[in-house]
Amino acid sequence: MQDNWIRVAEARKAESAGRDCEVRGWVRTRRDSKGGFSFIEVNDGSCLGNIQVVAPGELDNYADEVQKLTAGCSVVVAGKLVESPAKGQATELQATSLRVLGWADPETYPLQKKRHSFEKLREWAHLRTRTNTLSAVMRTRNQISQSIHNFFHENGFFYTHTPIITASDCEGAGEMFRVTTLDLDMLAKSGGPVKFEYDFFEKPAYLTVSGQLNGETYATALGRIYTFGPTFRAENSNTSRHLAEFWMVEPEAAFFDLADDMRLAEDFLKRIFTDCLNHCDEDMQFFDQRIQPGVIDQIRSVVERPFAHMTYTEAIKILETCDARFDYPISWGTDLQAEHERYLTEVHVKGPVILTDYPSSIKPFYMRVSDDGKTVAAMDVLVPGVGEIIGGSQREERLDVLTSRMTEAGLNEEDYWWYIDLRRFGTVPHAGFGLGLERAVQYVTGMSNIRDVIPFPRTPGNADF
Ligand code: ATP
Ligand code: MN
């Protein structure tokens with residue numbers, strides 16, 4: 001690395017004025033002045049702002065190259081940073097040399113000055129991160145990922161890598177992608193039954209929908225762990241908050257009950273939000289002005305106040321008696337739809353709410369059955385705009401209750417022998433939850449579609465790039 005090469009984020013700081021340096025990035029705009037020089041806005045992705053380069057007409061390549069620069073060209077500019085007389089920037093770069101690394105034909109480069117819709121930008125997912133919005137989102141996504149690691153590391157949770165290929169279906173009913181090396185064309189031709197003994201793993205295998213079951217084995221050894229990796233769901237839901245491939249954070253802690261789990265979830269979310277406010281100020285200002293007016297105040301007030309709590313039964317009463325009209329009917333025993341979640345958070349609570357004690361009939365077998373025999377020690381964190389952001393529970397630690405729940409769910413105990421062993425040998429109360437990373441990014445940035453907060457979204461019918 002050349003000694004005096006600095007990123008634009010640093011070049012823009014007032015205290016950098018006076019430095020001789022080099023900046024490397026991509027041209028956003030060029031404007032030629034009547035005085036015989038040009039202003040070139042250069043962005044290198046390190047921050048939202050550009051550095052304004054002032055390119056004097058005396059540069060050797062001024063007429064041949066500088067005056068031909070257009071959006072998307074890559075350049076290396078050397079010169080001196082000086083205080084800028086212009087508004088909105090502390091510094092500008094007085095160029096002594098400007099080298100063009102790569103041209104970008106303005107006839108074919110898609111990101112011209114005009115604004116494109118997010119839908120259109122998805123068609124150029126390989127270039128869209130060069131726009132203000134997408135780069136701000138991706139820097140914020142990075143901050144959230146860092147905060148997740150920092151929070152858990154500081155609280156004694158060990159980062160654990162759970163497998164992506166699995167032969168067990170964590171939810172019992174999850175829709176999973178199959179992993180196979182069988183020759184599907186041959187199978188289709190022969191029309192015969194599928195012989196999994198000839199498949200790679202000698203049995204059916206899938207992409208994981210959750211790292212939880214494996215995570216529990218580590219929590220009951222290391223005490224506190226978290227997984228953070230890609231998860232896959234083959235559900236055919238074309239919504240603004242579902243992806244076929246998304247990143248999930250799943251802490252799991254031994255000797256935690258539901259109350260401990262909820263406290264962990266609240267502290268965790270507040271830490272993420274605080275870090276975004278403190279470390280992504282410029283990007284957050286942008287979201288506040290351009291994406292969702294008021295998002296900064298919203299996040300700030302969430303950090304300052306305790307989360308609301310409500311049982312599922314209370315929530316149903318509220319939904320049954322309120323004035324709102326819902327597309328899906330609601331009564332005790334039915335799962336909440338997005339419209340119900342949004343009513344509770346946006347209209348009733350006007351902030352995040354933790355719903356607890358769901359009917360056992362709508363929750364997976366591993367959630368702990370409560371004394372009433374009808375509900376489980378589950379908790380979902382719902383937030384305005386997004387709905388469910390976290391789903392968690394205290395896990396069933398009693399061997400007999402767990403196995404009878406598995407039977408009810410139609411699951412084969414032999415397939416889960418190792419999971420059941422955790423209840424056979426030194427069982428302990430334990431709890432955990434799953435946060436969808438993209439939903440957290442959506443909430444913090446105010447972006448309305450989940451496809452715009454992951455670099456390359458995978459959804460039904462779309463695995464381009
Ligand atoms: P939903 O009811 O919203 O479909 P879920 O109850 O199926 O979600 P869980 O199995 O509880 O989801 O997964 C834990 C978390 O993972 C959710 O709270 C959510 O933040 C996230 N999540 C689940 N499914 C998806 C998906 N298809 N795309 C993105 N994030 C998801
Ligand atoms: Mn859930």
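The legends below describe close-up views of a predicted model.

**View 1. The shell of residues around ligand 1.** Ligand 1 is surrounded by 15 residues, and the closest of them are His242, Leu243, Glu388, Ile389 and Arg439. By class, this shell around ligand 1 comprises six nonpolar, four polar and five charged residues. Strand β15 makes the greatest contribution to the shell, namely four residues.

**View 2. Polar contacts of ligand 1.** An oxygen atom of ligand 1 lies 2.9 Å from an N or O atom in the side chain of Arg439, a residue that is also among the closest to the ligand. At Gly436 the contact involves the backbone: an N or O atom of its main chain is 3.1 Å from an oxygen atom of ligand 1. Glu235 places a polar side-chain atom 3.1 Å from a nitrogen atom of ligand 1. On its own, ligand 1 has 590 Å² of accessible area, of which the protein covers 83%. Two or more residues of the shell around ligand 1 come from each of β11 (245-254), β15 (387-394) and β16 (430-436).

**View 3. The second largest pocket.** The volume of this pocket, the second largest, is about 1,300 Å³. Its lining consists of 40 residues; Arg28, Arg130, Thr131, Asn132 and Thr133 are the closest to the centre. Both strands and helices give two or more residues to the lining of the second largest pocket: the strands are β1 (20-32) and β2 (37-43), and the helices are α2 (118-122), α3 (132-154) and α7 (281-291). Divided by class, the lining of the second largest pocket holds 11 nonpolar, 17 polar and 12 charged residues.

**View 4. An open sheet of three strands.** The strands are arranged in the order β7-β9-β8, with antiparallel pairing, and the sheet they form is open. Strands β7 (165-166) and β8 (178-179) occupy the edges and have a single partner strand each, so one side of each lacks a neighbour in the sheet. In general, the strands of a sheet pair through backbone hydrogen bonds, in either a parallel or an antiparallel manner.

**View 5. The pairing of β8 with β9.** Strand β9 (residues 205-207) runs antiparallel to β8, and two bridges join these strands. Val179 has Ala205 as its bridge partner in β9. The strand β8 (178-179) stands at an edge of the sheet, and β9 lies between β7 and β8 in the strand order.

Technical notes
Residues numbered from 1 in each chain as written. Chains lettered and ligands numbered in written order. Predicted model: local features only at pLDDT ≥ 70, side-chain atom pairs only at ≥ 80, totals over all residues. Heavy atoms only, no water. Pairing = 2+ DSSP bridges. Near = heavy atom within 4 Å. Polar contact = N/O pair within 3.5 Å; in protein donor to acceptor, adjacent residues only side chain to side chain. Areas by Shrake-Rupley, 256 points an atom, 1.4 Å probe, with all protein chains shown as cover. Nonpolar A, V, L, I, M, F, W, Y, C, P; charged D, E, K, R; others polar. 1 Å grid on protein atoms, 1.4 Å probe; cavity = no way out; pocket = protein on both sides within 12 Å on 5 of 7 lines; lining within 4 Å. Points joined across faces, edges and corners; volume = space filled by probe spheres on them.
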